[in-house]
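Student: Please put the sequence and the model in front of us, and then let us take the terms one at a time, each with its cut-off.

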Amino acid sequence: MLNVGNVRVPVCHGATRRSFLTAGSAGLAGLALPDLFRLEAHGQVAETSRSQIKNCITIFLVGSPGHLDTWDMKPDAPDTVRGKFKPIQTNVNGVRICEHFPLMARMMDKVALIRSLHHKTGATHENGQRWMMTGHDFNPDAVKPHAGSVVSRVFGPKGDLPPNVILPGPIGNTGAGPFHGQTAGYLGSAHEPFFLNADPSRRDFKVGDLEVPTGDSATRFDNRRRLLDQIDELQRRTETRTTTAHDASYERAFRLLTSSAAKQAFAINSETDAVRDRYGRNTFGQSCLMARRLVESGVRYVTVNHFDTVFNLSCWDMHADGGGLNNTYLDYERHLCPQFDWAFTALIEDLQQRGLLENTVVAVLSEMGRTPQVNGRGGRDHYPPAWTNFLCGANIRGGQVVGATDKTGSRPVDSPVEPPQVLASIYKGMGIDLDATMMPGPGDRPIRLVEAEPIHQLFR
Amino acid sequence: MDQKYDGPAPMAELTLRGRRVTRSTVVNDWGLQLRWLVTKDGKPAATVPAPRSGDTYEHPDATPGTYEITLQTWRYVNYAKGADGEFTASKFIPISNAVRYTI
C-alpha cells in the first residue's frame with residue numbers, strides 16, 4: 001500500500017477490485033452528484049464565494065488550561081481559588097491576564113476573550129474536543145465532521161493543497177475513547193483532514209506522506225496511476241453507487257504527491273533561523289510556523305494540536321495526581337505558558353506583517369476549564385461549567401471581553417456562550433453566510449453548517 | 001508524542017554596563033522559561049524570571065561584593081517529579097557567558 005496523507009492507495013501487487021472498492025468507499029456518505037449540482041444551481045455553494053472565504057488557524061490546547069490561572073484570573077478570591085499566579089495589566093484598559101503571558105499582554109488589543117464558555121455534558125476531554133471542533137454533541141451513528149472538513153466539503157480546496165490540515169498529528173489517548181472531533185465523520189473520506197504525522201521541529205523533519213517510496217521510479221508511479229484509472233473506469237461502468245468521495249480522495253492523494261507547491265508549503269527548513277527561533281524550537285512553535293506557511297500557500301483551515309495526549313508528559317491537564325497526570329503550576333510556569341506566549345505572539349505578528357491576519361481567523365480553543373478550588377494536591381481538575389477561549393484576526397474586533405464569570409470563576413454570570421456559538425463565530429469570521437450556506441446532513445438533507453448564531457459582539 | 005529538546009542548545013550573549021545586564025536575542029530558542037542566575041561572592045544569591053518582553057536586568061542588591069550574572073533556560077527532559085514536587089530530570093541550564101561586577 002502507498003500511504004498518501006490518510007489515503008491508502010493500492011499498488012500493483014495485491015490490488016484486487018474488491019479491496020480497491022473497499023478502500024475507496026470506506027466512510028462514504030457524500031451527496032450524489034446530481035444533488036450537489038442541484039445545490040450549486042440554487043446558489044448554495046456559489047463559485048464566487050469560494051474565493052472570498054477567509055482562512056482559519058485553530059490552536060487547540062489539548063488538556064485544557066485552567067481559566068483561573070491564565071485568562072480569567074480572580075486575584076481577590078480566597079487563596080484556595082485564586083491560585084499561585086498573579087495577573088498583569090495588558091495594553092487594553094481593565095483587561096488583565098496571567099503574568100506568564102507578558103508578550104500576549106502587549107497585543108490584547110488584537111484579541112477578543114470569551115470568558116463565559118460552558119457546556120453541560122460530561123467532564124471528559126473528548127466531550128470538549130467534539131463540542132469545540134464540530135459544534136455538536138457526540139452521536140456514534142452519525143459522527144459529526146471537524147469544522148475544517150465542513151469547509152472542505154462546502155468550499156473545496158484552493159489549489160493542490162488539501163483544504164483541511166491538522167498539525168503535527170491527530171489527538172491520541174486523552175482518556176475516554178477514540179472520537180476527538182477531528183475526522184470528516186459522515187462527510188466521508190474525501191474530506192478527511194490531512195494529518196502531517198511528523199514533528200516539524202525535528203532536524204530530520206520531512207512529510208513522509210509526500211514522499212514516493214524509495215525505489216519507485218516515476219515510470220512505476222505512472223503505471224500505478226494508469227492501472228487505478230482503468231479500474232475506476234470499470235467500476236463506473238459496472239456499479240451504480242456514487243463514488244465521488246473515493247475519486248476525490250485518490251485525486252487529492254496524487255495531486256499531493258506530484259505537486260511542487262505542496263512540497264514547498266511544507267518545506268519549513270527554508271525559513272530563516274531567526275524566524276524559526278522566534279516561534280520557538282519546539283513542536284508547538286514550529287507547528288504554528290507551519291500553519292502560517294500553509295494558509296499562505298492556500299490551505300483554508302489549519303488546526304494545531306498543542307499536545308496529542310494528556311498522559312505522562314508536561315501539558316495543560318494539571319491534576320497534580322502524582323502519577324501519569326502529574327502536571328502542576330511548575331509545568332505552567334516553566335514550560336507551557338512561556339511556550340504558548342512565545343509561539344502565539346510570533347504567529348500573530350508574522351501573520352500581520354505578511355498581510356495575512358486580516359484574512360485569517362485565529363482561534364485558540366480548549367475542552368473546558370479547571371475546578372475553581374485548587375485540589376488537595378495543588379492542582380485543578382476538569383470543569384466544563386466555565387472557561388475562557390479567544391479569537392483574533394479577520395474582522396474580529398480585538399481588545400474586548402465577551403461575557404464574565406462570578407467571583408470564583410465557577411459559572412458564567414454575563415453572556416453565557418456555548419461551543420456551537422464559537423464555531424458559528426469562526427465561520428462568520430471566515431466570511432461564511434450561515435443563513436445562505438448549506439451542507440449535506442447525515443441523511444443527505446441539506447442543513448446549516450452549525451445550529452447556532454455567531455456572537456455578534458465579536459465583529460466590527 | 002512528548003517534546004524533545006535535543007537540538008543545538010540555546011545561546012545568548014550578555015553585556016554589562018555599570019550594573020545593568022543586557023542580553024542578545026536567544027539563538028536556537030526553545031521558547032521555555034528564561035531566568036537570571038545571580039551569585040554574590042561565589043554563592044547563589046537569586047534567581048529572577050527573565051521574561052521575553054524585556055532584555056535587560058539590574059540586580060537590586062547594592063551591598064558590597066562581587067556579583068556574577070548568567071542567563072538560564074528551562075530544559076525539559078520529561079515531566080517526572082519527586083516527592084517534593086520538583087522536577088527530577090528537567091532543569092535550568094546556563095545559556096550565556098557570565099558577566100561580573102564588584103561593588
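Tutor: Helices (H or I, at least four residues) and strands (E, at least two) are DSSP runs, numbered from the N terminus. Under that rule the secondary structure of chain A comes to 14 helices and 18 strands, while that of chain B comes to 0 helices and 8 strands, so that chain B reads β-β-β-β-β-β-β-β along its sequence. The model is predicted, and local features need pLDDT of at least 70, side-chain atom pairs count only at pLDDT 80 or more, and totals for chains, interfaces and linings use all residues. Residues are numbered from 1 along each chain as its sequence is written, and chains are lettered from A and ligands numbered from 1 in the order in which they are written.

Student: What makes strand β6 of chain A mostly covered?

Tutor: A residue is buried if 20 or more other C-beta atoms lie within 10 Å of its own, exposed if 12 or fewer and partly exposed in between, with C-beta atoms placed from the backbone. In β6(A), residues 111-117, 7 of its 7 residues are buried, and the strand is described as mostly covered on that count. Helix α14(A), residues 419-429, is likewise mostly covered, with 11 of its 11 residues buried, among them P419(A), V422(A), I426(A) and K428(A). Over whole chains, buried residues make up 53% of the 460 residues in chain A and 28% of the 103 residues in chain B.

Student: Why is G441(A) called partly exposed?

Tutor: G441(A) has 14 other C-beta atoms within 10 Å, a count that lies between the two limits just stated, and therefore the residue is partly exposed. G441(A) sits in the loop between β17 (438-440) and β18 (446-448) of chain A.

Student: Which residues is G441(A) in contact with, leaving aside its neighbours within four places in sequence?

Tutor: Two residues are in contact if their C-beta atoms, placed from the backbone, lie within 7 Å, and by that test the partners of G441(A) are P446(A) and I447(A). The contact criterion also serves for α14(A), whose buried residues pack against β3, β6, α6 (125-134), α7 (147-155), β10 and β13 of chain A. Between the chains, the contact takes 22 residues from chain B and 26 residues from chain A.

Student: How do you know that β6(A) pairs with strand β13 of chain A?

Tutor: Two strands pair if DSSP finds at least two bridges between them, and 5 bridges join β6(A) to β13(A), residues 387-393, the two running antiparallel, so the criterion is met. Within that pairing, L117(A) stands opposite W387(A). For β14(A), residues 400-402, there are 3 bridges to β6(A), and these strands run parallel, with V402(A) as the bridge partner of I114(A). Strand β10(A), residues 360-366, has 4 bridges to β13(A) and runs antiparallel to it.

Student: What makes β8 and β14 of chain A edge strands?

Tutor: The open sheet of 8 strands has mixed pairing and the order β8-β7-β9-β3-β10-β13-β6-β14 in chain A; β8 (194-195) and β14 each pair on one side only, and they are accordingly its edge strands.

Student: Why are helices α12(A) and α13(A) called roughly parallel?

Tutor: Axes are lines fitted to C-alpha atoms, for helices over the stretch in contact, and angles run from 0 to 180 degrees between N-to-C directions. The axes of α12(A), residues 283-297, and α13(A), residues 329-353, come within 9 Å and cross at roughly 15 degrees. Angles under 35 degrees count as roughly parallel, over 145 as roughly antiparallel, 65 to 115 as roughly perpendicular and the rest as oblique, which means that α12(A) is roughly parallel to α13(A). On the α12(A) side the contact includes F284(A), G285(A), C288(A) and R292(A), and W342(A) and D350(A) are among the residues from α13(A).

Student: What makes the residues of that contact divide as they do?

Tutor: Ala, Val, Leu, Ile, Met, Phe, Trp, Tyr, Cys and Pro count as nonpolar, Asp, Glu, Lys and Arg as charged, and the others, Gly among them, as polar. The contact of α12(A) with α13(A) therefore divides into 7 nonpolar, 2 polar and 2 charged residues.
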